[in-house]
Amino acid sequence: MSETLRESAVPATAGELLGLVRSGRAGTRSDLRRLTGLSRTAVVSRVSALTSAGLLLLGEELASTGGRPPGALVFNRDAGVVVAIAIGRSRSQIAIFDLEGTEVVSDSRDHAVGVEPDDLMPRVAERVATLLREVEPPVAGIGLSLPGTVDPVRGLSIDSPVMAGWDGVELAPYLVGVVEAPLFVANDADVLARSELLGRSGSFHDVLVVKASTGLGLGIIADGRVLSGHVGAAGEIGHTRVDAAAGLPCRCGATGCLETVAGGWALVGRLAESGHEVGHVRDLVALALHGDAVARGLLRDSGRHLGELLAVAVNLLNPQAVVIGGDMGNAFDTYAAGVRESIYARAAALATRDLQILPATHGDRAGLVGCAALALDHVLSPAAVDARLVAQAQRPTADALR
Ligand SMILES: [Zn+2]
């Protein structure tokens, strides 16, 4: 249904033409004419608006740097940068990316679990300021991720069991004076899903992306888009009640949640009880990778429990792949074995016929890449680019992304 609607709308605005070049579908003006049916004059005027905004470069201008044929259109990845801020329960990663999603510079630091926004966010803002001193172009946007449910419109965490002090706190004001660019906030599993869309250059349309770390979350890509749900709570599977967890107290205050038998925090607790010295799920994963049988058993069991819920999601959405990211995803073979076992035992044969179970493309950088993708998806969307060109036409000497 939506497929037919989408295909009948032929891209025609300058922003849409830029999208065709960015995705690699068009490399010349004649490609653009062929794909859109626009006249030569219309294509020339739109391309000219994009080149004067600095978003497109012409092949002939690039001749000195070698190899581009005359008439080639090249997306200018250096027309601006985006800031990525991935805030986790015990670590915050910050990086600057060019407009093609390549990292330019980054900074990752641990923080105390339970840190409040008033403690952490001013330090984050300082680190952003330091990184920005190393780059030239204007900042087009900021992508920020948090664990738990997020209100993307107000740019804040809502009702998250693990980010208690962050509930309802607006984050944009902390960055005022440091970086003047729109802030986009999303859930950590959603940005993980966006990092997969960026990583596989459009080859995935229906994918479940698991974030298996201290907590458990799911990013859902359906028909090429990341689903957030009615109030942004789509994919919050960690606090689904499951029979195996009956009566066990969860960090969210309820009992019987999936996380109490499969979340990283619960496994760390169990491993500590067995006499191991572990403080974080990354310690548990390191032990498993060194062959510790108890740690491996815990990870495989976690994968099994998670896989039981994923089997339902596989039957609902019929994804082409389940991607496993997060700290526990670093012990992919062990974790995926548990996930695979439950999915294949429980999901319908047709839904699993071509299903792939894959590690996250960007590994430990996935949160950052996803935050960059979040910002890029917004600031380079056709509507945003068109709006900027209109604004630029009214300010003759302005840079398109300022
Ligand atoms: Zn819970």
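**A strand within a three-domain chain**

Lys-211 of strand E10 stands opposite Gly-325 in strand E13. Helices (H or I, at least four residues) and strands (E, at least two) are DSSP runs, numbered from the N terminus. The model is a predicted one, in which local features need pLDDT of at least 70, side-chain atom pairs count only at pLDDT 80 or more, and totals for chains, interfaces and linings use all residues. Residues are numbered from 1 along each chain as its sequence is written.

The pairing of E10 and E13 is parallel and comprises five bridges; two strands are said to pair if DSSP finds at least two bridges between them. E10 is also joined to E11 by six bridges, and these two strands run antiparallel. A hairpin through three residues connects E10 to E11. Within this antiparallel pair, Leu-208 has Ile-220 of E11 as its bridge partner.

How many of the six residues of strand E10 are buried? Six of the six are buried, so the strand, residues 207–212, is largely enclosed by the rest of the structure. Here a residue is buried if 20 or more other C-beta atoms lie within 10 Å of its own, exposed if 12 or fewer, and partly exposed in between, with C-beta atoms placed from the backbone. In a regular strand the side chains alternate between the two faces of the sheet. In E10, Val-207, Val-209 and Lys-211 point one way, while Leu-208, Val-210 and Ala-212 point the other way, and all are buried.

The neighbouring strand E11 covers residues 216–222 and contains Ile-221. Ile-221 is buried because 24 other C-beta atoms lie within 10 Å. When neighbours within four places in sequence are set aside, the contacts of Ile-221 are Ala-193, Leu-197, Phe-204, Asp-206, Val-207, Val-209 and Val-226; a contact requires C-beta atoms, placed from the backbone, to lie within 7 Å. For the pair Ile-221 and Leu-197, the sequence separation is 24 residues and the C-alpha to C-alpha distance is 8.4 Å.

Asp-223 is placed in the loop between E11 and strand E12 (225–227). Most residues other than glycine have a negative phi, and most peptide bonds are trans. Asp-223, although not a glycine, has a positive phi of about 55 degrees. Asp-223 is exposed, since 11 other C-beta atoms lie within 10 Å. Asn-318 likewise is not a glycine and has a positive phi of about 50 degrees. Asn-318 is found in the loop between helix H11 (293–317) and strand E13 (321–325), and counts as partly exposed because it has 17 C-beta neighbours inside 10 Å.

A further loop, between helix H6 (172–175) and strand E9 (183–187), holds Val-176. Val-176 is exposed, with 10 other C-beta atoms within 10 Å. The C-alpha atoms of Val-176 and Val-210 are separated by 33 Å, with their positions 34 residues apart along the chain.

The view may now be widened to the whole chain. The protein chain has 15 helices and 14 strands. An automatic or database domain assignment supplies the domain bounds: domain 1 (2–75), domain 2 (81–192 + 366–394) and domain 3 (201–360). The C-alpha centres of domain 1 and domain 2 lie 29 Å apart. Nine residues of domain 1 are in contact with seven residues of domain 2. Helix H2 (residues 14–22) gives the most to the side of domain 1 that touches domain 2, namely six residues.

Which residues touch the most other members of the largest nonpolar core? They are Val-82 and Ala-84, in a core of 118 residues. Such a core is a set of buried Ala, Val, Leu, Ile, Met, Phe, Trp, Tyr and Cys residues joined through C-beta atoms within 7 Å. Helix H14 (residues 366–379) gives the most to this core, with ten residues. Beyond neighbours within four places in sequence, Val-82 is in contact with residues including Phe-97, Val-139, Ile-142, Ala-372, Ala-375, Leu-376 and Val-379.

Of the 402 residues of the protein chain, 44% count as buried. Among the contacts with a separation of 6 or more, 63% join residues 24 or more positions apart. The C-alpha trace spans about 70 × 50 × 40 Å along its principal axes. The radius of gyration of the protein chain is 23 Å, which agrees with the value near 21 Å for a compact globule with 402 residues; it is taken over C-alpha atoms, and the globule rule is 2.2 Å times the number of residues to the power 0.38.

Notes: Two residues are in contact if their C-beta atoms, placed from the backbone, lie within 7 Å.
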